[in-house]
Amino acid sequence: MNQEDLLDRQIENYIHERMDDNERVTFEKSLKENPELLKQVTDLLSLKGLYSKELFALKKLLDSAETNLKEDNFFDDGGEN
C-alpha cells in the first residue's frame with residue numbers, strides 16, 4: 001500500500017470514527033500541521049453530514065408512506081392465502 005492509499009484509509013477511518021484514541025490523537029495532530037489535509041477532512045465531514053440529513057429525511061418520508069399504506073389496509077391480502 002502506498003502513502004496515498006494509507007492516508008485515504010486514515011481519512012476514512014477518522015471520518016467514520018473507527019480509530020482508537022492513539023490513532024485519533026496522532027491523526028488530529030496531522031490535521032493541525034497540514035491545512036490541505038484539514039480542508040479535505042472538513043469537506044468530507046460536511047458531505048457526510050449532508051448525506052446523513054438526506055437519508056434521515058428520506059427515512060421519515062418512507063415511514064410516513066408506510067403508515068399511510070397501513071392505514072389504508074394496503075398490505076392486507078383480503079383474507080386470501
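User: Why is D21 called exposed?

Analyst: In this predicted model, local features need pLDDT of at least 70 and side-chain atom pairs count only at pLDDT 80 or more, while totals for chains, interfaces and linings use all residues. Residues are numbered from 1 along each chain as its sequence is written, and side-chain values use heavy atoms, with hydrogens and water left out. D21 has a relative accessible area of 54%. Exposed means over 50%, buried under 20%, and partly exposed in between (1.4 Å probe, protein chains only), so D21 counts as exposed.

User: What makes R24 partly exposed?

Analyst: The relative accessibility of R24 is 31%, so R24 falls in the class between the two limits.

User: How do you know that R24 and D21 meet in a salt bridge?

Analyst: A salt bridge requires a side-chain nitrogen of Lys or Arg within 4 Å of a carboxyl oxygen of Asp or Glu. For R24 and D21 the N to O distance is 3.6 Å, so the pair satisfies the rule. Both residues lie in helix α2, three residues apart, about one turn of the helix. Helices are DSSP runs (H or I, at least four residues), and strands are runs of E of at least two, numbered from the N terminus.

User: What makes K59 and D63 a salt bridge?

Analyst: Their side chains meet at 2.7 Å, N to O, so the criterion is met here as well. K59 and D63 lie four residues apart in helix α3. K59 is partly exposed at 48% relative accessibility, and D63 is partly exposed at 33%.

User: Why is the chain described as more spread out than a compact globule?

Analyst: The chain has three helices and zero strands. Its radius of gyration is 22 Å, well over the 12 Å that the globule rule gives for 81 residues, so the chain is more spread out than a compact globule. The radius is taken over C-alpha atoms, and the rule is 2.2 Å times the number of residues to the power 0.38. Along its principal axes the C-alpha trace spans about 65 × 25 × 25 Å.

User: What makes I11, Y14 and F27 part of a nonpolar core?

Analyst: A nonpolar core is a set of buried Ala, Val, Leu, Ile, Met, Phe, Trp, Tyr and Cys residues joined through side-chain atoms within 4.5 Å. The largest such core has eight residues, including I11, Y14 and F27. Helix α1 gives the most to this core, with three residues.
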